[in-house]
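Good morning, colleagues. Please have the sequence and the model open while I speak, and I shall begin once they are on the screen.

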Amino acid sequence: MISQSSAWKTLKNHYHDVEDLHLRDLFSQNPNRFSQFSTESCGIFLDYSKNLITEKTKELLSSLAKETRLKEHISKMFGGDKINWTENRSVLHTALRAPITSKVFVDGVNVVAQIHQELSRMLQFSEEIRSGTRRGFTGKKFESVINIGIGGSDLGPSMVCEALKFYADGPTVYFVSNVDGTHIANTLAKVDLQTTLFLVASKTFTTQETMTNAFTARDALINALGESAVSLHFAAMSTNLKAVAEFGMNPDNAFGFWDFVGGRYSLWSVIGLPIALQIGKQGFMELLAGAHEMDEHFCKASDWENLPVILAMISTWYSSFYHMPSHAILPYDQYLHRFAAHFQQVDMESNGKSVNRDGQIVDYQTGQILWGEPGTNGQHAFYQLIHQGTHKISCDFIGFFESLNPIGEHHKILMSHFFAQTEALAFGLNLEQVIFELKKSDLSEEEIRKLAPHKVFYGNRVSNTILMQKLTPHSLGALIALYEHKIFVQGVLWEINSFDQWGVELGKKLAKSILSDFEGKPGIHDSSTSGLIELFIKKHTKGS
């Protein structure tokens, strides 16, 4: 177990040496800290100086990376080795954005050639829909797209579509994921079925939530236009061509992907069809190019010039040594309002593990709780807890030098808050500073004494600052790939499998069993679950 290694033990001893450090001291002792603890690549500037690390910390974290053979694991992933060992699969979302001239072999087959063949089919379909070459049952051009999927078939593409709305010049794209009938009902109410294309994203064409929503959409279309409309108004991201045909779709409008692409890493594949429909072929290829540039950087850069490695090592330092379980992603751009939600899945589904590659229960903390909202909304919601609460939370602040909507002073005001928050979190206000400021008021000495403790900011709240020129398909691709690789590196450092997700399976299995209870075939449950099921059946029947 990695916690028994010399690198881990040395880091643990180092933590005890530095745990009382304050960022005020680190900056006062080193006027060059900003330049020494920042780097730039792929159009992304990273300032990691406001972290509780020293040059010694960096050296020891690099030793941990070496101890866990990080470089070797990176090569294995990009080379197509089956690093998802519990499912005996390669992990090749990176191949999805590789140039057509690249070669990656899995079981003797160059998968890059396969990927580009399917990508070409998907993009041709997309361009035909966008141009109006392909039309609906009544001959009208498609104006709306409803993507039906869940998890990775929803969060990634929906986040990107929101992020790149500025560049949208195709049909309006909607996403339906929740099996709650409200989601599909509200979405159907927004569109004209004569001009709506439905995309069903389910590799096996059996995902319960997705297929329930898909059949509801199919019924709505048949009621409005007749069964013959299904083949013209539905397309699938699936490899189950038999089920696609039985649904009433044209199998030629089904686009496949592979076992070496996990759902939460699949937006680069045909799962990205709604993205291509919204921003077009060129925009989609720029998204892939930005991610590929980050892939190249990740493979080649040394530890403390390597953006994903830096973020991963720092997060591991906080999670496993500072016992800091919570991490906030705070984008100061409204277009990125779904960015944290996407990476909540990618990170927590990937690294929410407690068993290492040898099957041992780990004795250290893995995976952080990931969350966040765009600024400045978050400042008026949860920043109070970050600044003065008892929980210490690490943060990533993401901002842009240029706004896509440069209205008046909006962007300068936004970015003034952006920089102010990282400064306030790091350095705070001590008691002496608070009293000095309060003495400028009309308060009495007694009033100052009572009020002062409430206005103290301890500071020493850590953060990374990520800055880019402006939000484009290319820069977004690089940013997404940065976080994907960060998650992979953390998995390597913790010796866990970041690419399976067995934890989501038990609930699915039990849900299917409970459906039988609703149909009068009671199963065996604990007293609480049985009681709740009986209560639901009674109240549901009464309500019906």
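I shall go from the overall chain to its helices, then to its unusual backbone positions, and finally to a few individual residues.

A word of caution at the outset: this is a predicted model. Every value I quote is computed from it.

Let us start with the whole chain. The protein chain contains 21 helices and 13 strands. Along its principal axes, the C-alpha trace spans about 80 × 60 × 60 Å. How does the radius of gyration compare with that of a compact globule? For 544 residues a compact globule would have a radius of gyration near 24 Å, and the chain has 26 Å, so the two agree.

Buried residues account for 53% of the 544 residues. The exposed surface comes to about 24200 Å², and carbon and sulfur atoms supply 53% of that area. As for contacts, consider those between residues at least 6 apart in sequence: 74% of them join residues at least 24 apart. The chain carries 49 positive and 58 negative charges, and the mean positions of these two sets are 2 Å apart.

I turn now to two helices. Helix H13 covers residues 307-321. Its 15 residues should span 21 Å at 1.5 Å a residue, and because its end C-alpha atoms are 21 Å apart, the helix agrees with that expectation. Is H13 mostly covered or mostly open? It is mostly covered, with 15 of its 15 residues buried. Just after this helix, His323 adopts a positive phi of about 55°.

Helix H20, residues 505-518, has 14 residues. From its first C-alpha to its last it reaches 21 Å, close to the 20 Å expected at 1.5 Å a residue. The helix is followed by Gly520, whose phi is also positive, near 85°.

Next, the backbone positions in the loops. Cys42 is a residue other than glycine with a positive phi, near 55°. Cys42 sits in the loop between strand E1 (38-41) and strand E2 (44-47). Asn88 likewise has a positive phi near 55° without being a glycine. Its loop runs between helix H5 (70-79) and strand E3 (105-106).

Which of these is buried and which is exposed? Cys42 has 12% relative accessibility and therefore counts as buried, the cut-off being under 20%. Asn88 has 52% relative accessibility, so Asn88 counts as exposed, for which the cut-off is over 50%.

There is also a cis peptide bond to note. It joins Gly375 and Thr376, with omega about 5°. Thr376 belongs to the loop between strand E11 (369-371) and helix H15 (383-388).

I close with four residues and their surroundings. In listing contacts I leave aside neighbours up to four places away in sequence.

The first topic is Lys50, in the loop between E2 and helix H4 (55-67). Its relative accessible area is 15%, and so Lys50 is buried. Its contacts include Leu23 and Phe27, together with Thr422, Glu423, Ala426 and Phe427, and also Val462 and Ser463.

Then there is Ile314, which lies in helix H13. At 1% relative accessibility, Ile314 counts as buried. What does it touch? Ile314 touches Tyr48, Asn51, Ile53, Trp304 and Asn464. The contact with Asn464 deserves a further remark: Ile314 and Asn464 are 150 residues apart in sequence, yet their C-alpha atoms are 9.4 Å apart in space.

Ser498 is placed in the loop between helix H19 (473-494) and H20. With a relative accessible area of 2%, Ser498 is buried. Among the residues it touches are Arg264, Tyr265, Ser350, Asn351 and Lys353, and from H19 and its surroundings in sequence one may inspect Ile487, Phe488 and Gly491.

Finally, Met1 is found in the segment before helix H1 (6-18). Its relative accessible area is 26%, so Met1 is partly exposed. Met1 touches Asn356, as well as Gln360, Ile361, Val362, Asp363, Tyr364 and Glu495. How far is Met1 from Asp333? The two are 332 residues apart along the chain, and their C-alpha atoms are separated by 41 Å.

That concludes my presentation, and I welcome discussion.

Note on methods
Residues numbered from 1 in each chain as written. Predicted model: local features only at pLDDT ≥ 70, side-chain atom pairs only at ≥ 80, totals over all residues. Heavy atoms only, no water. Helix = DSSP H or I, 4+ residues; strand = E, 2+ residues; numbered from the N terminus. Expected span 1.5 Å × (residues − 1). Buried < 20%, exposed > 50% of the residue type's maximum accessible area, 1.4 Å probe, protein only. Rg over C-alpha atoms; globule rule 2.2 N^0.38 Å. Contact = heavy atoms within 4.5 Å. Areas by Shrake-Rupley, 256 points an atom, 1.4 Å probe, with all protein chains shown as cover. Lys, Arg positive; Asp, Glu negative; His and termini not counted. Charge placed at Lys NZ, Arg CZ, Asp CG, Glu CD.
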